[in-house]
Amino acid sequence: EIMYPEIEPYESGHIAVGDGHNLYYELCGNPDGKPVVYVHGGSGGGVMPELRRYFDPNKYKIILFDQRGAGKSTPFASIDNNTIEHLVADMEFLRQKLGVAQWMLVGGSWGSTLSLFYLVEYPQYVSEVALSGIFFGDTDGMHWLTEEGYVSEIMPEWFAPYRDHIPEEKRKDGLHKAYYDIILNGTDEEILAAAKQAVLWDTAILTFDLPVDRIKHVQEHPEEYLGLFKLWMHFSNNFYGPHNKKKILDGVQNLGHIPCYIIHGRFDLICPVRNAFDLHAAYPGSTLYVLEKTGHTMREPNIWAKLIEVTDSLVV
């Protein structure tokens, strides 16, 4: 077991960030340690206790928080006043509120997207960045994940139920658009049924080995994934177009003075490894680790082992 032992927060609570939103946050480890903030995925994923275990609790001040609408933040699953710009501003508000001069950013998947947006906006407050499962929030990334003819070719038997849930006549603008329409206009029953299919597809391609236990959990308790589904569909509706990827890749070109560690599974089916190479090429002096026999999520043993190796090396 490479993870650090389980710990409890020494402080936790909610911070009002405006627009009626309250962010849940917790502080763990050493109050005088090196500040690190974990930026969770999803969108809408929320933080879990195991995330406290990625950092040496004697040397790190570990900051965890749930983004707007996610986890224990309130109101739950709210998409009002909830954009990537709001989330970046929330992170900066949290940093100021906690009196942190500079912090290290750690995030995977959507957490990598949000971290990169924050980094480009507020580089002066970032000491290092360690990211996994790189996602740019762009058209290519969305098509790869949600439409036929991309990753569907690798897992066709898992893609089929997700596709077939949408009647053929409603697929003309793409599957993602059809699922988003259900969120906006469907009944509670229709939204739950759609959430189940979309989350099952997403779950099937999450790890290097098929995550059988999690698939079973989604099948039996789809209601637990409604918030995740709703926030993901809300944010991803704004991911189309090249602007996000361009903003990130243009933005990091002057940030070579901030160390960046990129960790990506070779067999990441949700965010192809090409993304990691593109970021590495644009970011001067960045370090790229491509991990074999490894999928997408930070819960992959290879990914968190590499992340812990990186974070340990920064607090000798």
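A residue is counted as buried when its relative accessible area is under 20%. In this predicted model, that cut-off was applied to strand β4, which spans residues 60–65. Six of the six residues of β4 fall into the buried class, so the strand is largely enclosed by the rest of the structure.

In a regular strand, side chains point alternately to the two faces of the sheet. For β4, burial was found on both faces. One side carries Tyr 60, Ile 62 and Leu 64, all of them buried. The other side carries Lys 61, Ile 63 and Phe 65, which are likewise buried.

Strand β4 pairs with β2 and with β3. The pairing with β2 (residues 21–29) is antiparallel and consists of five bridges. Within this pairing, Gly 29 has Lys 61 of β4 as its bridge partner. The pairing with β3 (residues 34–39) is parallel and also comprises five bridges. Here Val 37 is matched with Ile 63 of β4. Both of these β4 partners, Lys 61 and Ile 63, belong to the side that also holds Phe 65.

Attention was then turned to the pockets. Empty space between atoms can be located by rolling a probe the size of a water molecule over them. The largest pocket has a volume of about 930 Å³. Its lining is made up of 44 residues, and those closest to the pocket centre are Gly 41, Gly 42, Gly 45, Arg 214 and Leu 228. Two or more lining residues are given by each of α3 (139–146), α5 (175–185), α6 (188–204) and α8 (226–236). The greatest contribution is that of α8, with six residues. By residue class, the lining of the largest pocket contains 24 nonpolar, 16 polar and four charged residues.

The second largest pocket holds about 310 Å³ of space. It is lined by 14 residues, with Ile 166, Lys 170, Ala 178, Asp 181 and Ile 182 lying nearest its centre. The elements that supply two or more residues to this lining are α5 and α6. The largest share, five residues, comes from α5. The lining of the second largest pocket divides into five nonpolar, three polar and six charged residues. Helices α5 and α6 thus appear in the lists for both pockets, being named for the largest and for the second largest.

Technical notes
Residues are numbered from 1 along each chain as its sequence is written. This is a predicted model: local features need pLDDT of at least 70, side-chain atom pairs count only at pLDDT 80 or more; totals for chains, interfaces and linings use all residues. Side-chain values use heavy atoms; hydrogens and water are left out. On a 1 Å grid over the protein atoms alone, a cavity is a set of points where a 1.4 Å probe fits but cannot get out, and a pocket is an open set with protein on both sides within 12 Å along at least five of seven lines; lining residues have an atom within 4 Å of a point. Grid points are joined across faces, edges and corners, and a volume is the space filled by probe spheres set on the points. Helices (H or I, at least four residues) and strands (E, at least two) are DSSP runs, numbered from the N terminus. Ala, Val, Leu, Ile, Met, Phe, Trp, Tyr, Cys and Pro count as nonpolar, Asp, Glu, Lys and Arg as charged, and the others, Gly among them, as polar. Buried means under 20% relative accessible area, exposed over 50%, partly exposed in between (1.4 Å probe, protein chains only). Two strands pair if DSSP finds at least two bridges between them.
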